Amino acid sequence: MPRPAARVLTLLELLQSGGTRTVAELAGRLGVDGRTVRRYVDQLIDLDVPVESVRGRYGGYRLGPGYRVPPLMFGDEEALAVLLGLVAGRRVGLTTAQRTANETAAAKIRRVLPRHLARRLDALLETLSFTDQAGEFASPDAGVLLTLADAVHHRRPVSVRYTDREGRRGDRTLHAYGIVAHAGRWYVTGRDAERDEDRTFRLDRVADARVLPGTFEAPEGVDPAERVVTAFATAAYRYEVSLRVRATPEHIRAHLPATVATLEEDGPGWQRVAIRAERLDWLPPVLAALDRPFVIDGPEELRTLASEFAARLTACTQQTGTTTATAPEPGT
């Protein structure tokens with residue numbers, strides 16, 4: 001592309017970002033003089049781009065109201081990838097300048113998308129929430145994701161074909177409350193209408209989604225992200241651990257996050273901690289790191305492991321300087 005033509009397109013891009021741009025500012029950004037800027041503006045006007053001249057000390061050029069560039073040739077998956085990338089970028093500590101560029105880029109893309117696709121993507125962005133834990137997100141099927149977003153936004157039942165962790169496939173009717181991205185995966189959470197229980201489904205295990213007739217009422221104050229992390233902490237595992245810890249919830253959460261344990265007040269200064277786990281050998285070091293009084297209500301295997309861990313720590317503290325000390329190892 002000849003350089004003058006490229007500069008004309010750059011001028012259009014600068015004007016699209018909004019506001020009035022002075023001739024001096026545009027000349028500096030394009031690397032040309034003021035007379036050349038005016039010639040480029042004339043070329044845009046010849047192309048039916050409504051560039052307005054603003055007079056006065058702070059005058060310059062701006063786009064006329066209502067101007068729209070032709071729709072971008074984005075497919076559903078391409079538009080979804082671009083906008084979700086911009087949304088995720090806002091969560092990684094962007095500087096003010098980067099955040100502004102992020103927002104103006106998203107606004108430009110949304111402004112020129114075909115109306116039907118813009119509505120679906122707006123529904124997704126309104127229903128999507130993130131947990132505090134960032135991750136490299138998996139890519140769910142774009143059609144499934146957009147269909148579920150429509151169902152959440154309009155409170156419509158949705159039929160999903162789901163494969164569980166045991167490999168069993170079946171159709172479920174879901175009253176979806178929200179879509180959540182957590183630790184590299186995507187989830188939809190809601191009420192399983194047939195089983196009448198709350199469920200959380202991984203989107204990469206949903207092969208198909210179809211909106212059904214009718215509507216439903218969502219519970220008041222529902223927090224989809226909180227439901228997802230609670231589902232992890234209450235999932236069925238081999239062991240059900242019950243503890244009482246004399247500490248603040250904030251202190252306990254620093255060692256046992258919401259995806260691992262649930263907390264409930266159990267008297268002044270005490271918290272009851274419930275944990276579901278496949279293994280117990282990781283828990284004694286965590287309890288030691290809490291450095292707070294605790295009581296193990298069960299299971300008995302955890303009491304044994306904690307006692308053995310304490311004995312190994314005691315043995316290490318009794319080592320003399322002439323003896324090679326070894327760190328306690330689980331199971332020894």
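1. Thr173 is buried, with a relative accessible area of 17%, where buried stands for under 20% relative accessible area, exposed for over 50% and partly exposed for what lies in between (1.4 Å probe, protein chains only). Thr173 belongs to strand β5 (residues 169-182); helices (H or I, at least four residues) and strands (E, at least two) are DSSP runs, numbered from the N terminus. Its contacts, leaving aside neighbours within four places in sequence, are Pro157, Val158, Arg191, Asp192, Ala193, Glu194 and Leu212, contact being defined as heavy atoms within 4.5 Å.

2. On provenance, this is a predicted model, in which local features need pLDDT of at least 70 and side-chain atom pairs count only at pLDDT 80 or more, while totals for chains, interfaces and linings use all residues. Residues are numbered from 1 along each chain as its sequence is written, and side-chain values use heavy atoms, with hydrogens and water left out.

3. Strand β5 is mostly covered, ten of its 14 residues being buried, and its pairings deserve to be set out together (two strands pair if DSSP finds at least two bridges between them). With β4, β5 runs antiparallel over six bridges, and Thr173 is the bridge partner of Ser159; the hairpin of β4 and β5 has five residues between the strands, and there Gly167 takes a positive phi near 85°. With β6, β5 pairs in the antiparallel sense over eight bridges, Ala176 having Gly190 as its partner in β6. Strand β3 (residues 128-130), by contrast, pairs with β5 in the parallel sense over three bridges, and Ser129 stands opposite Val180.

4. Which residues touch the most other members of the largest nonpolar core? They are Leu148 and Ile179, in a core of 34 residues, a nonpolar core being a set of buried Ala, Val, Leu, Ile, Met, Phe, Trp, Tyr and Cys residues joined through side-chain atoms within 4.5 Å. Among the elements that give two or more residues to this core are α4 (76-89), α5 (96-112), β5 and β6 (185-192), and the largest share, eight residues, comes from α7. Leu148, leaving aside neighbours within four places in sequence, is in contact with Val158, Val160, Ile179, Val188, Leu203 and Ala209. Apart from this core lies another, of 19 residues, including Val241, Ala277, Leu287 and Leu302.

5. An open sheet of four strands follows the order β10-β11-β9-β12, with antiparallel pairing. Because β10 (261-265) and β12 (294-298) stand at the edges, each with a single partner strand, one side of each is left without a neighbour in the sheet. Strand β9 (residues 239-246) is joined to β12 by four bridges, and Leu243 stands opposite Ile296 in β12.

6. Helix α10 lies across β9, β11 (270-277) and β12, running at about 10° to β9, where axes are lines fitted to C-alpha atoms, for helices over the stretch in contact, and angles run from 0 to 180 degrees between N-to-C directions. Helix α11 packs on the sheet, touching β9 and β12, and its direction makes about 140° with that of β12.

7. The axes of α10 (residues 283-290) and α11 (residues 300-317) come within 9 Å and cross at roughly 65°. The contact is made by Leu283, Pro284, Pro285 and Ala288 of α10 together with Leu302, Leu305, Ala306 and Phe309 of α11.
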